[in-house]
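Reader: Could you take me closely through the interior of this protein, meaning its nonpolar packing, the empty spaces left inside it and the residues that surround them? I would like one connected account rather than a list.

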Amino acid sequence: MKNKWLVVSTGFALFSMFFGSGNLVFPITVGQESEGHYFLAAWGILFTGVVVPFLGVLGMMLYKGDIYSFFNCFGRKGTLVFSFLALALMGPFGVLARCLTVAHGALLLLLPEASLPLTSLLMCLVIYFLTVNKNKIVTTLGTVLTPFLLLAIAMIAFFGLSQGTLPETTTPGGWKALKNGFFQGYQTMDLLAAFFFSQFVIKHLHTKLSPNDGEFSLLKHFYKSSLIGAAILSLVYFALVLLGWIYSPLLTHTPPQEMLGVIAMESLGTIAAPCVCLAVLFACLTTAIVLASLFADFLRNEVSKDKMGNKQSLLITLAIGFVVSTFDFAAIAGFLGPVLEAVYPALIALTLVNIANQFFGMKSSHWPFTLTLAAKLCWI
């Protein structure tokens, strides 16, 4: 029973780590722009938003969470620079700041006069107190925050899908919808997150499992947990894509971060605001907690060489995120988009090659194949 609960709680934690602010926004825009081919659009975002990130975690598990071994083709200095840039984009300069802006958009449903700076400051304080004790991060995510998040999303999805009607398909074929879903999945940045989130999962499983269990038991628990996390994430994505198409006539001139609120107000009425607020706040919190901890740890361990403490590095991280959050969601997404389209195909290719290396002996130094695969992904 203990091991079953470990699998379930780790699966919930994996879902909550990956499901952040952008994951509530981009599937809806994919559905809105699908022109009726919502099923193909969903498959596109499920590949880059679910399959690819979980392959990233699997790759890191096979390399025992050692980022330097996984990216050995970059060299040690190159891996250090890559790690800093990746964590900066996922952390205070990108996704963490985006979490704060999306949380503010949700809070406006309850408090229309709430200011972005004040909301971001309060969110940073909550993130600080939930992150400062990092040994409890996975437990907090898996057993406390995720059930509340899933309950709020389930209510919105149930009433939204049951009360809405599917508009007719507007164009033949579905390649455009599939391609849009594929590239919008880049914006979730979950593959980048997987390279670093996996460290929490590996440490958590090592702590909970007996030392006599061995690597096979670790991988077995990870596979089962991944199935749970990926299944929940896939169901939520598909529901959001479908909601995006059903309510597309209402979303024409709606900013992306407010689309879920419009859908909820249409389907839930007076109880919409609390449900949306809860769903968005918990989604933002679950991801922001991990991102803040990762970047703070990197600052402390790699940049300052342990000259600053955990609290100081965390305060610096949240201070940067607070400043960047004063830009709106569209500005942050517009900055991240071109960067992700340039680097994501190469990272997907490298992940596949590294996994093949562990199972079939194919080395990541085989760059002709890696670059060819990356080019094909880039020009889909």
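Author: What follows is an account of the interior, moving from the nonpolar cores to the cavities and then to a few single residues.

The model is predicted, and every value below is computed from it. The largest nonpolar core holds 108 residues, and within this core Phe19, Leu192 and Phe195 are the ones that touch the most other members. Helix H13, which spans residues 272–303, contributes the largest share of this core, with 18 residues. Leucine 192 can serve as a view into this packing: apart from its neighbours within four places in sequence, leucine 192 is in contact with Phe82, Ala86, Met90, Leu340, Tyr344 and Leu347. There is also a second, separate core of six residues, and among its members are Ala41, Ala42, Ile45 and Val241.

Empty space comes next. Rolling a probe the size of a water molecule over the atoms shows where such space is left. The count of cavities of 30 Å³ or more comes to two.

The largest cavity has a volume of about 80 Å³. It is lined by 16 residues, of which Val95, Thr188, Asp190, Thr287 and Leu291 are the closest to its centre. The elements that give two or more residues to this lining are helix H1 (2–18), helix H2 (21–32), helix H6 (95–107), helix H10 (190–208) and H13. By class, the lining of the largest cavity is made up of eight nonpolar, six polar and two charged residues.

The second largest cavity, with a volume of about 30 Å³, is lined by Leu24, Ile153, Ile156, Ala157, Leu240, Leu243 and Leu260. By class, this lining has seven nonpolar residues, with no polar and no charged ones. Helix H8 (137–163) and helix H11 (214–246) each supply at least two residues of the lining of the second largest cavity, and H8 gives the most, with three residues.

For work at the bench, the cysteines may also be of interest. A search of the whole structure finds zero disulfides. Cysteine 99 is in no disulfide, and the nearest cysteine sulfur, which belongs to cysteine 284, is 4.8 Å away. Why is the sulfur of cysteine 284 not bonded to that of cysteine 99? The two sulfurs are 4.8 Å apart, which is too far for a bond, because a disulfide is counted here when the sulfur atoms lie within 2.5 Å. Cysteine 99 is buried, with a relative accessible area of 1%, and cysteine 284 is also buried, with a relative accessible area of 0%.

Two further residues complete the picture. Threonine 10 has its place in helix H1, and its relative accessibility is 1%, so threonine 10 counts as buried. Leaving out residues up to four places away in sequence, threonine 10 touches Val201, His204, Leu205 and Ser225. Proline 256, in contrast, is partly exposed, with a relative accessible area of 31%, and is found in the loop between H11 and helix H12 (259–268). Although proline 256 and valine 25 are 231 residues apart in sequence, their C-alpha atoms are 6.0 Å apart in space.

Key. Residues are numbered from 1 along each chain as its sequence is written. This is a predicted model: local features need pLDDT of at least 70, side-chain atom pairs count only at pLDDT 80 or more; totals for chains, interfaces and linings use all residues. Side-chain values use heavy atoms; hydrogens and water are left out. A nonpolar core is a set of buried Ala, Val, Leu, Ile, Met, Phe, Trp, Tyr and Cys residues joined through side-chain atoms within 4.5 Å. Buried means under 20% relative accessible area, exposed over 50%, partly exposed in between (1.4 Å probe, protein chains only). Helices (H or I, at least four residues) and strands (E, at least two) are DSSP runs, numbered from the N terminus. Contact means heavy atoms within 4.5 Å. On a 1 Å grid over the protein atoms alone, a cavity is a set of points where a 1.4 Å probe fits but cannot get out, and a pocket is an open set with protein on both sides within 12 Å along at least five of seven lines; lining residues have an atom within 4 Å of a point. Grid points are joined across faces, edges and corners, and a volume is the space filled by probe spheres set on the points. Ala, Val, Leu, Ile, Met, Phe, Trp, Tyr, Cys and Pro count as nonpolar, Asp, Glu, Lys and Arg as charged, and the others, Gly among them, as polar.
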